[in-house]
There are 2 protein chains.
Amino acid sequence: MKFNEKFSKATAGMGSSMIRELVATTKGIPGLISLAGGFPSPDSFNKEDIAECYKEVVLESGNDILQYGASEGDAQLKEELIKWEEYKNMSMDEMLITVGSTNAIYYYAKTFINPGDVILCEAPSFLGSLVSFEAEMAELISIEMDDEGINIDKLKQAIADCKTMGKKIKFLYTIPDFQNPTGISMSAQRRMDLVELMAEVNIPILEDNPYSELRYTGEMIPSIFKIAEEKNLRGLVTLVKSFSKILGPGLRVAYAVSSEEIIGKMCSWQQKVNVSPGCVTERMVARFMQKDLLVKQIGIVNDLYTPYWEAMLTALEDFMPKTVKWTKPEGGMFVWLTLPEGVDADELFVKAREQKVAFIPGSKFFPKGQEQHNCLRLNYSYAKPDAIREGVKRLASIM
Amino acid sequence: MKFNEKFSKATAGMGSSMIRELVATTKGIPGLISLAGGFPSPDSFNKEDIAECYKEVVLESGNDILQYGASEGDAQLKEELIKWEEYKNMSMDEMLITVGSTNAIYYYAKTFINPGDVILCEAPSFLGSLVSFEAEMAELISIEMDDEGINIDKLKQAIADCKTMGKKIKFLYTIPDFQNPTGISMSAQRRMDLVELMAEVNIPILEDNPYSELRYTGEMIPSIFKIAEEKNLRGLVTLVKSFSKILGPGLRVAYAVSSEEIIGKMCSWQQKVNVSPGCVTERMVARFMQKDLLVKQIGIVNDLYTPYWEAMLTALEDFMPKTVKWTKPEGGMFVWLTLPEGVDADELFVKAREQKVAFIPGSKFFPKGQEQHNCLRLNYSYAKPDAIREGVKRLASIM
């Protein structure tokens, strides 16, 4: 029996993931070099320690962690995270463990969005979050970026425009470190300017930060959350961090920190949506941290990716025509190429596939109707350094 | 900073869980016997085999299961489940693995509900699901049950009334086996009548079935899903089953089966909400099944609970006054008591707490405004048999 005429408006309006479909068209091509996805390298997975931690926690604490657990998340894991991040004056009620970052972002969206509300985001931005906001019937307004991150003047203009038009802005979504898809990191000064502006206009910030631990050069920039903390603006920024790029996305463990007010509401959604994250896996990660394995693991991951990143930036220098520009990330997984005006990366994708190299056309990272086409994203966390170099060479040859 | 004035309507209207708050008032009372919660006994947890399966799958398949996994769920686990349940002509696209049953129910709700839509449910029913439907702004209409399950005549009447009032019914939610909170199982005949009626009026059924494997006497009744299958009505029934009561709720693994149309939409929601379930835990369960441990485990669980259940039913016979009536479940975790008219179980709860015994007042299992008060739920899966007997004795003494 068919029931599509009974589906909710949000469901009827949902498309499938364009990026997934695009990547699917490159599957099974022999010799294809994929610079398309955002998968971490399997060589980064610490199977031995993870296997051992799983076994230990189930044997030792099975009665606790096989039982129903707190919707707020595992207390042991929270304790480790608060120590690790050196959060000051943070109570357990200001942190929520979730089933990956996307899950935390979804709860935040549910907490704030009524149909028709405006969400501000960077142009371009991470599609996985944008579609979540769209599924809650939000209107997305994307703000241009420069080398230092989101453009504050353009942001002010967008906020003023919304006010004029009577539109309700609910929050700003940003990925300040090694942004997906551009690789751009927001400068410390820009973060401070952003906090100041948003506190003034009373618009909260959702800081999505899955990549900050993947730094191969340069110095760590404090999170927007920490900058707001120093100004006693708890609640202005909700920070989401993930273990996906360090321990493995298959675990589905991330966490959010914010005010007790916002975390409490996000937790109410977790109760309705998942009851709690997987308790065994939460405790496994807590054990991994208790054994001081995390600092070692981050070192291993960064040592692994540094030559991948070098191979990408070197190959771009060596092979790309002068008319192509690209960002200079100091870490993360992605670099963003800007092609001459008029070149369409969606068309280039088809030609590149014939040359057995894949990327994601830039248009896929903009809200509907706000697309740019002369741009593309390359990944440097999955294909190995030699393949990255060869892939960039093939790509350059068709430009 | 406070942002409550920016919260979505659904968020602003959310209450906290009344059952959780009630249970919290009994915590820390020394000697208290809890017949309140719905927790499985920790004695049912197979820590050794689960620990070993976790270790094995991470060591052997870590590159696969620590990576991003399918939103549809782990193919190995689906394969095992299709074999286990003897589903005929079922493709992988007709099954979705989820982060527990509540998660599957949430996706189903998101697939169908627009604000103001009507959801039909049993009176009483499982509050965790009802609040999910309410969070999507649905109107709940509860239908009386008798010893054989939902009353078909009352159901027909409710459907007719909705038609008259121009209300849109989206689906019927039912727990046909050892229902929470009543312990009632829907008879085979009633299931057939229900399928016939709902096919005729074109209203789909959400069958929530976490307890059917916990049978201590009598014969298994085919699921509503299977009855509809025999009439080639794929899609009419979406069945949700869980490992929570067999392996442990802390794992957060359940699954849904339905038509490809409905499962596809639920999967699109999973992509937005969780990306995928925890891949390591999914594969651990697959391994547990591949090693033929599940049939043994279900035997162990049923052997464990049989004396719990016997203790409950015997104690009710031995101690309860003649004016109190109760259901006669053949399995599961709950029995439902009906007190004389005018007795308020919410008031009884306070007196019982003084006598150091806890239960859940029946009113908590009805939609707002449709409460009944002379009823209550007792659990027999957590307190041990001696404590169950003593708890019932204490409860009887205050009636």
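In the predicted model, the side chains of strand E8(B) alternate between two faces: B:Val237, B:Leu239 and B:Lys241 point one way, B:Thr238, B:Val240 and B:Ser242 point the other way, and all are buried. The strand, residues 237-242 of chain B, is thus mostly covered, with 6 of its 6 residues buried.

E8(B) has a parallel partner in E7(B), and 5 bridges join the two. Within this pairing, B:Ile205 has B:Val237 as its bridge partner. The connection between the two strands includes helix H9 (residues 224-230) of chain B, and E7(B), H9 and E8(B) make a right-handed β-α-β unit. E8(B) also pairs with strand E9 (residues 254-257) of chain B, here in the antiparallel sense and over 4 bridges. B:Leu239 has its bridge partner, B:Val257, in E9(B). Strands of a sheet pair through backbone hydrogen bonds, either parallel or antiparallel.

Strand E6 (residues 169-174) of chain B is likewise covered. Because 6 of its 6 residues are buried, E6(B) is largely enclosed by the rest of the structure. Strand E3 (residues 118-123) of chain B runs parallel to E6(B) and is joined to it by 4 bridges. B:Val118 stands opposite B:Ile169 of E6(B). Strand E7 (residues 205-209) of chain B is also parallel to E6(B), with 3 bridges between them. Here B:Leu172 has B:Ile205 of E7(B) as its bridge partner. Another right-handed β-α-β unit is made by E6(B), helix H8 (residues 188-201) of chain B and E7(B).

In chain A, an open sheet of 8 strands with mixed pairing has the order E2-E9-E8-E7-E6-E3-E4-E5. Strands E2 (95-98) and E5 (149-150) of chain A stand at the edges with a single partner strand each, so one side of each is left without a neighbour in the sheet. E8 (residues 237-242) and E9 (residues 254-257) of chain A are antiparallel and share 4 bridges. A:Leu239 is the bridge partner of A:Val257 in E9(A). Helix H10 (residues 260-273) of chain A packs on this sheet and touches E2, E8 and E9 of chain A. The direction of H10 makes about 30 degrees with that of E2(A).

Chain A also holds an open sheet of 4 strands, in the order E10-E11-E14-E13 and with antiparallel pairing. Its edges are E10 (325-326) and E13 (360-361) of chain A; each has a single partner strand, so one side of each lacks a neighbour in the sheet. E11 (residues 334-338) and E14 (residues 375-379) of chain A pair antiparallel over 5 bridges. A:Thr338 stands opposite A:Cys375 of E14(A). Helix H12 (residues 294-319) of chain A lies across E10, E11 and E14 of chain A, at about 20 degrees to E11(A).

The two chains superpose. A turn of 180 degrees and a shift of 0.0 Å along the axis lay chain B on chain A with an RMSD of 0.0 Å. That is the relation of a two-fold axis. Of the interface residues of chain B, 100% are also interface residues in chain A, so the copies meet through the same surface.

The largest nonpolar core has 264 residues, of which A:Phe133, B:Phe133 and B:Leu378 touch the most other members. Helix H12 (residues 293-319) of chain B gives the most to this core, with 13 residues. Beyond four places in sequence, the contacts of A:Phe133 include A:Ile105, A:Ile119, A:Leu140, A:Phe171 and A:Leu206. In chain B, Phe133 belongs to helix H6 (residues 127-135), where B:Leu127, B:Ser129, B:Leu130, B:Ser132, B:Phe133 and B:Ala135 are buried.

Several backbone features lie in loops. Most residues other than glycine have a negative phi, and most peptide bonds are trans. A:Met137 has a positive phi near 70 degrees and lies in the loop between H6 and strand E4 (139-146) of chain A. A:Met137 is partly exposed, with a relative accessible area of 34%. Just after H6(B), B:Met137 takes a positive phi of about 70 degrees. B:Val275 also has a positive phi, near 65 degrees, in the loop between helices H10 (260-273) and H11 (279-290) of chain B. With 12% relative accessibility, B:Val275 counts as buried.

Cis peptide bonds occur in chain A. One runs from A:Ala123 to A:Pro124, with omega near 0 degrees. A:Pro124 lies in the loop between strand E3 (118-123) and helix H6 (127-135) of chain A. Another joins A:Asn180 and A:Pro181, with omega about 15 degrees. A:Pro181 lies in the loop between strand E6 (169-174) and helix H8 (188-201) of chain A.

Notes:
Residues numbered from 1 in each chain as written. Chains lettered and ligands numbered in written order. Predicted model: local features only at pLDDT ≥ 70, side-chain atom pairs only at ≥ 80, totals over all residues. Heavy atoms only, no water. Buried < 20%, exposed > 50% of the residue type's maximum accessible area, 1.4 Å probe, protein only. Pairing = 2+ DSSP bridges. Right-handed = clockwise from strand over helix to strand, strands pointing away. Contact = heavy atoms within 4.5 Å. Axes fitted to C-alpha atoms, helices over the stretch in contact; angles between N-to-C directions. Least-squares fit on C-alpha atoms with pLDDT ≥ 70 in both. Core = buried A, V, L, I, M, F, W, Y, C linked by side-chain atoms within 4.5 Å.
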